[in-house]
Amino acid sequence: MLPWKRALRPLAALVLAAALATVPAATAHAAPSSGWNDYSCKPSAAHPRPVVLVHGTLGNSVTNWVSLAPYLKERGYCVFSLDYGQLPGVPVFYGLGPIDKSAEQLSAFVDKVLTATGATKADLVGHSQGGMMPRYYLKFLGGSAKVNALVGIAPSNHGTDLSGLTNLLPYFPGAEDLIKSTTPGLADQITGSAFMTKLNAGGDTVPGVHYTVIATKYDEVVTPWRTQYLSGSDVRNVLLQDLCPLDLSEHVAIGIFDRIAYHEVANALDPSHATATTCASAFS
């Protein structure tokens, strides 16, 4: 076997291992038991829009939201989550398919939620790929007419270099093609990919949608972390450590269980009743 072919397999494995950091250990993929994905839920006057949660790469509609979904339900929101981007024969771990196709699945899901709830618009909250992928839906699939706000938690808005790992790909002929063919959802998130170029051409945002980005400087997956930020007239970029310097959450923790980040999500969903997010928000 040629030397570059011997090196190709561990490189691809390392890319996948880094991506695996976006979710906790696999759990049984069962229906939520905390009251979300309840299609009989009707939005209240206080919270008139349903919230759609969009998981990250290798996550799913349950594992990514075992903490945030109940958090929002307790605050009176109708909450829904979907699975997207499944590869044939790969259970539990989603978000690996082509991202433009995943955006089509999100579009259909939002339509389903709006029909069930009777709402005219939804709010979207996504972690990692789930904070970025909806931007394709908003920009190219008519989503801006159906979405009020997009909140991205550690989103891969401009791709990632995986702490410099992707810079090694040109030294391994065929490596990038292997990743594209086996896990296109990962390949699409590499900095400078054709997908990222198309997504961000002509500006990061579309009119009529309120954008919030919540990042952590300890992010080891979407790197450099500042690339998560968006530019636009209706954007709020937030660094978690500016809210609470003691917060050490990295890429996984900020999405899976960080209540300080969740408090800021709640502020973004209901800005007219927002309260200051501090370290004490971990107990709110």
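**Figure 1. The lining of the largest pocket mixes 8 nonpolar, 4 polar and 4 charged residues.** This close-up, like the others here, comes from a predicted model. The largest pocket holds about 230 Å³ of space. Of its 16 lining residues, those closest to the centre are His-210, Thr-212, Asn-267, Ala-268 and Pro-271. Four elements each contribute at least two residues to the lining: strand S4 (147-153), S5, S6 and helix H10 (259-269). H10 provides the largest share, with 4 residues.

**Figure 2. Helix H4 is largely enclosed by the rest of the structure, because 10 of its 12 residues are buried.** Here we follow H4 from residue 129 to residue 140. The buried residues are Gln-129, Gly-130, Gly-131, Met-132, Met-133, Pro-134, Arg-135, Tyr-136, Tyr-137 and Leu-138. What span should you expect for H4 at 1.5 Å a residue? The expected value is 16 Å, and the end C-alpha atoms lie 17 Å apart, which agrees. Just past the helix, Gly-142 adopts a positive phi of about 80°.

**Figure 3. The second largest cavity has a volume of about 40 Å³.** Searching the whole structure turns up 3 cavities of 30 Å³ or more. Around this one you will find Arg-135, Leu-138, Lys-139, Leu-199, Asp-204, Thr-205, Val-206 and Tyr-211. By class, that lining comprises 4 nonpolar, 1 polar and 3 charged residues. Which element gives the most to it? That is H4, with 3 residues. Two of the lining residues, Arg-135 and Leu-138, are also listed among the buried residues of H4.

**Figure 4. Cys-41 and Cys-78 form a disulfide with sulfur atoms 2.0 Å apart.** The angle about the S-S bond is -80°, making this link left-handed. The pair joins distant parts of the chain, 37 residues apart: Cys-41 sits in the loop between helix H1 (3-20) and S1, while Cys-78 sits in the loop between H2 and strand S2 (79-82). Cys-41 is buried, at 14% relative accessible area, and Cys-78 is buried too, at 2%. The structure holds 2 disulfides, and, with bonded cysteines counted along the chain, their pattern is 1-2, 3-4.

**Figure 5. Cys-244 and Cys-279 form a disulfide, again with sulfur atoms 2.0 Å apart.** Its S-S torsion is about 100°, so this link is right-handed. Distant parts of the chain are joined here as well, 35 residues apart, with Cys-244 in the loop between helix H8 (240-243) and helix H9 (251-256) and Cys-279 in the segment after H10. Are these cysteines buried or partly exposed? Cys-244 is buried, with a relative accessible area of 3%, whereas Cys-279 is partly exposed, at 27%.

**Figure 6. Leu-58 and Ser-128 take positive phi values, and neither is a glycine.** Leu-58 has a phi near 70° and belongs to the loop between strand S1 (51-54) and helix H2 (68-73). With a relative accessible area of 8%, Leu-58 is buried. Ser-128 has a phi near 60° and lies in the loop between strand S3 (122-127) and H4. Ser-128 is likewise buried, at 1%.

**Figure 7. A cis peptide bond runs from Thr-223 to Pro-224.** Its omega is near -15°. To find Pro-224, look in the loop between strand S5 (210-215) and strand S6 (235-239). S5 and S6 also appear in the pocket view, each supplying at least two residues of that lining.

Technical notes:
Residues are numbered from 1 along each chain as its sequence is written. This is a predicted model: local features need pLDDT of at least 70, side-chain atom pairs count only at pLDDT 80 or more; totals for chains, interfaces and linings use all residues. Side-chain values use heavy atoms; hydrogens and water are left out. The expected span of a helix is 1.5 Å times one less than its number of residues. Buried means under 20% relative accessible area, exposed over 50%, partly exposed in between (1.4 Å probe, protein chains only). On a 1 Å grid over the protein atoms alone, a cavity is a set of points where a 1.4 Å probe fits but cannot get out, and a pocket is an open set with protein on both sides within 12 Å along at least five of seven lines; lining residues have an atom within 4 Å of a point. Grid points are joined across faces, edges and corners, and a volume is the space filled by probe spheres set on the points. Ala, Val, Leu, Ile, Met, Phe, Trp, Tyr, Cys and Pro count as nonpolar, Asp, Glu, Lys and Arg as charged, and the others, Gly among them, as polar. A disulfide is a pair of cysteine sulfur atoms within 2.5 Å.
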